[in-house]
Amino acid sequence: MSKNPPNYISTTNACKLCTPLGAALAFKGIEGAVPYLHGSQGCATYMRRYIISHFNEPIDIASSSLSEKHAVYGGGANLKLGLMNVTEKYRPQLIGIATTCLTETIGDDVKLFLREYDKEVEGEKPIMVQVSTPSYSGTHMEGFHNAIASVVEALAGRDGKQDIGSGVNILPGFVSPADIRYLKEITDDFSMKATILPDISDTMDGPAAKTYAKIQPGGTPLSAIAVMGNSMGSVEFGHTMAEASGGVLLAEKFGVENTRMAMPMGIGASDRFFAYLSRLSGVPVPEKHQAERGRLVDSYVDSHKYVYGKKAIVYGEEDLVVGLTTFLAEIGVMPVLCASGGKSGKLAERIRQATADLLPEQPQVHEAMDFYDISELAESLGPDLLVGHSKGYPLAQKLSIPLIRVGFPIHDRMGGQRILHLGYRGTQQLFDLVVNACIAKKQGDSPIGYSYM
Amino acid sequence: MELLKEREEQIYRTGEQPFSLSCDKDSLAGAVSQRACVFCGSRVVLYPIADALHLVHGPIGCAVYTWDIRGALSSGPELHRLSFSTDLQEIDVIFGGEKKLKRALLELIERHSPKAAFVYSTCIVGIIGDDMEAVCREVEKETHIPVIPVKSEGFMGNKRAGYTAACNAMARLIGSGDTTGISPYSLNILGDFNLAGEIWLIREYFERMGVEVVANITGDGRVADIKRAHGAALNVVQCSGSTMELARMMEDEYGVPSIRVSYFGVEDMAQALYDVAEHFNNPEILEKTRQLVKEELQELLPKLSFYKKALQGKKAAIYVGGSFKAFSLVKAFRLLGMDVVMVGSQTGTEQEYRELAEITDPGTIIVDDTNPLELTSFLEEKEVDIFVGGVKERPIAYKLGVGFCDHNHERKEILAGFSGMLNFAEEVYSSVMSPVWRFTYQKEAAQEKNCRIALANPKN
């Protein structure tokens with residue numbers, strides 16, 4: 001770490017999204033759930049538009065559509081009307097209610113409204129889970145983790161009739177549908193019962209179907225959440241979330257051992273994840289995954305010269321930045337700037353811990369950054385690569401350097417939902433992307449027209 | 001599908017009973033409206049003004065979700081493509097955001113030297129009661145550029161209220177520029193936002209007619225042009241929902257008359273040019289217009305006939321922001337020999353819906369402020385081949401195995417003007433005719449159904 005970060009009062013081209021968006025996405029990963037924003041109509045619509053451009057999937061986010069009189073007299077009546085309408089039209093098993101800056105500021109007591117609703121409304125009612133997500137506090141990642149913590153708090157339990165100490169809870173944070181499918185494959189290969197919360201693998205990347213599902217099938221089953229307290233252990237990817245996370249709550253309430261580990265990106269971090277599963281299940285790492293690891297090491301060796309010493313700027317959500325930086329350090333790329341719009345206060349320390357033995361020099365690490373700050377620093381850093389989501393493209397274009405697209409949002413390419421980031425397989429894909437971007441740059445910059453590179 | 005009771009009045013089927021459709025209402029809670037909010041309305045109208053600073057005063061979401069949201073192009077400065085925010089934090093909500101707003105404004109104006117600044121209020125600003133007018137006045141005094149508050153708290157009405165806020169903001173600029181040297185044959189283009197570069201094409205048409213364009217409002221817009229827009233002889237208003245109010249204000253204040261036009265589809269495009277020519281009542285302009293339309297049609301119609309043949313009888317559904325655009329799309333589909341079976345908008349007026357009912361075929365569904373589940377049932381019921389809408393409508397079409405044409409956010413091709421009609425036909429064709437539909441399960445299901453019918457009625 002060197003140099004103070006720029007300290008501007010205004011924000012230009014933010015490198016973060018707002019809290020309710022994260023909550024809505026987290027709720028989308030629960031079976032039969034409809035996300036519901038208590039606020040004005042625009043929030044839900046904007047987020048849908050933003051999310052659709054990444055996933056290319058329908059995402060229906062309901063809204064209490066508050067107007068001026070509700071802002072003055074309170075939004076309780078509209079919240080309840082909206083819940084009734086969502087129940088009637090969608091027949092959800094669960095409605096995940098997230099607040100917005102409007103309803104937090106006018107002081108709506110959603111918990112109270114829900115208790116009233118329970119008394120006032122007859123008939124079948126979906127489960128209601130609510131989370132407080134004022135958009136002036138934190139980023140979409142706080143919204144995401146807090147929504148998951150609320151789900152655990154409200155729904156997780158322990159069933160004495162079932163085995164205690166079987167299976168694993170995986171709380172992966174905001175990863176791609178492809179990542180979650182892969183996590184399921186891995187735990188299957190360990191013959192482990194796994195509850196992945198949330199699970200957007202089908203709900204946000206659904207196969208074509210004969211009929212249109214009002215609520216996309218998939219998501220973490222409510223029945224599985226109900227017995228998360230039976231698991232042997234919980235693993236949470238990332239270190240920058242708040243103390244009271246889903247995994248911590250499971251530990252406090254049911255004594256399920258919680259392990260926080262960095263997102264398994266790169267060989268070292270993936271080894272730790274596989275070792276964890278192996279320890280928990282008592283099953284050695286399956287041959288298939290050892291072979292994938294072996295091929296990954298083989299490819300690292302084959303390609304190391306193309307990437308060694310390249311300078312990279314990494315940006316995005318804090319835990320993703322830690323994972324990416326660790327991976328890049330492992331292949332000989334020099335991260336020169338690691339930036340996030342989040343501000344957990346933990347980013348630099350986490351990067352240092354993960355890369356101290358790999359990097360000769362620590363990169364600049366800055367929280368609360370926007371793309372104006374990143375661009376300004378980039379000028380003197382002379383990066384060869386950008387690693388992050390689509391919103392870094394204007395900077396990549398300005399600097400004429402490749403952008404390795406990872407995370408969310410991918411708005412300028414197809415298939416953002418299918419990008420694999422985690423484990424040996426995800427690392428392999430990222431590695432090939434990075435190597436080939438470096439090769440393509442060299443090839444493209446040369447007038448020769450090389451067909452061997 | 002059963003409709004929510006409160007929604008029934010916002011749907012009408014042409015020819016079924018005397019026309020009645022309720023609109024311009026707040027969206028129903030829990031109905032998952034496709035509408036955004038007041039802020040969105042003003043943001044999309046003003047943001048193409050490319051040399052102005054657009055600062056969103058609020059928490060980060062409002063700014064970040066509208067960052068370069070529709071790809072409005074500029075031929076020069078691109079300040080509008082940056083997303084500026086005060087990124088209000090909890091502490092600002094408690095103690096007020098005025099100081100932060102002022103500092104942010106001064107910082108950004110110094111950094112970018114914009115020709116004006118628009119400051120958008122968001123929900124929370126309306127609640128914490130920041131005096132934006134006062135802050136803007138102070139900053140205006142210090143920086144000597146117009147600093148204009150846009151009253152766009154998200155909950156203060158629907159998207160239409162945002163259009164009003166945008167018009168009010170622009171009205172503060174108009175009248176302050178020097179109008180000397182403006183031709184008596186001159187106009188302002190209102191309600192085109194230069195998506196994919198459309199306003200350049202429209203300007204070129206007017207210039208070929210011998211008519212001067214004073215201000216683009218707002219596509220590829222400039223503050224200095226808008227300041228002198230009152231010197232134009234005519235306001236030509238497209239997307240009337242968003243900028244008609246400004247035209248009315250300019251008529252009252254400066255006596256600038258206005259006409260309503262649309263640049264989508266051959267008929268409406270030609271009509272727009274003729275209406276302008278007739279307004280000026282100048283034989284030379286009229287002749288040039290005839291010539292222009294003739295040349296363009298000679299170029300276009302032979303190319304179009306291929307698509308007409310291929311698309312004959314295909315069924316189309318339309319859901320757009322404003323219903324005036326819907327009219328043009330209905331006509332454009334007709335020109336291609338296609339049947340429009342559903343048409344709706346987020347913010348249409350009763351009069352517009354009534355007129356849509358008059359021009360559409362019996363059984364056509366006309367809908368105001370609809371939602372994904374209604375759209376799904378309409379598309380399924382009408383067995384639609386192509387759906388025209390924006391990003392939020394796209395996955396609905398695709399999941400149903402229906403073709404799609406983005407007429408809003410993410411398109412990169414010109415759809416307005418004569419050449420735009422060809423692009424439109426090409427896009428519709430390339431979606432409807434794609435071989436991918438043969439793999440979707442709806443097609444399979446339909447084939448199975450037809451097969452069963454054929455087996456049951458062997459004589460057919």
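**Exercise 1. Decide whether B:V32 is buried or exposed, and place this residue in the chain.**

Solution. Step 1: count neighbours. B:V32 has 30 other C-beta atoms within 10 Å. Step 2: apply the cut-offs. A residue is buried if 20 or more other C-beta atoms lie within 10 Å of its own, exposed if 12 or fewer, and partly exposed in between, with C-beta atoms placed from the backbone. B:V32 is therefore buried. Step 3: find its place. B:V32 sits in the loop between strand 1 (11-13) and helix 1 (38-46) of chain B. Helices (H or I, at least four residues) and strands (E, at least two) are DSSP runs, numbered from the N terminus. Step 4: check the backbone. Phi of B:V32 is near 55°, a positive value in a residue other than glycine.

A note on the source: this is a predicted model, in which local features need pLDDT of at least 70, side-chain atom pairs count only at pLDDT 80 or more, and totals for chains, interfaces and linings use all residues. Residues are numbered from 1 along each chain as its sequence is written, while chains are lettered from A and ligands numbered from 1 in the order in which they are written.

**Exercise 2. Do the same for B:D220.**

Solution. Step 1: B:D220 has 25 other C-beta atoms within 10 Å, so this residue is buried. Step 2: B:D220 lies in the loop between strand 7 and helix 9 (223-227) of chain B. Step 3: its phi is near 50°, a positive value in a residue other than glycine.

**Exercise 3. Find the cis peptide bonds that end at B:T218 and at A:P198.**

Solution. Step 1: in chain B, the bond from B:I217 to B:T218 is cis, with omega near 10°. B:T218 belongs to strand 7 of chain B. Step 2: in chain A, the bond from A:L197 to A:P198 is cis, with omega near -5°. A:P198 falls in the loop between strand 7 (194-196) and helix 9 (222-225) of chain A.

**Exercise 4. Work out the strand order of the open sheet of 4 strands in chain B.**

Solution. Step 1: the order is 7-6-8-9, with parallel pairing. Two strands pair if DSSP finds at least two bridges between them. Step 2: name the edges. Strand 7 (212-218) and strand 9 (258-260) of chain B each pair on one side only. Step 3: take one pair. Strand 8 (residues 234-237) of chain B runs parallel to strand 9 of chain B, joined by 3 bridges. B:V236 has B:I259 as its bridge partner there.

**Exercise 5. Describe how chain B meets chain A.**

Solution. Step 1: count. 59 residues of chain B are in contact with 56 residues of chain A. Contact requires C-beta atoms, placed from the backbone, within 7 Å. Step 2: find the main contributor. Helix 4 (residues 98-112) of chain B gives the most to the side of chain B that touches chain A, with 5 residues. Step 3: look for strands. Strand 1 (residues 11-12) of chain A and strand 3 (residues 84-85) of chain B run antiparallel, joined by 2 bridges. A:T12 stands opposite B:F84.

**Exercise 6. Compare the span of helix 18 of chain B with its expected span.**

Solution. Step 1: helix 18 (residues 441-456) of chain B has 16 residues. Step 2: the expected span is 1.5 Å times one less than the number of residues. Step 3: helix 18 of chain B reaches 22 Å from its first C-alpha to its last, close to the 22 Å expected. Step 4: check cover. The count of buried residues in helix 18 of chain B is 0.

Technical notes. Two residues are in contact if their C-beta atoms, placed from the backbone, lie within 7 Å.
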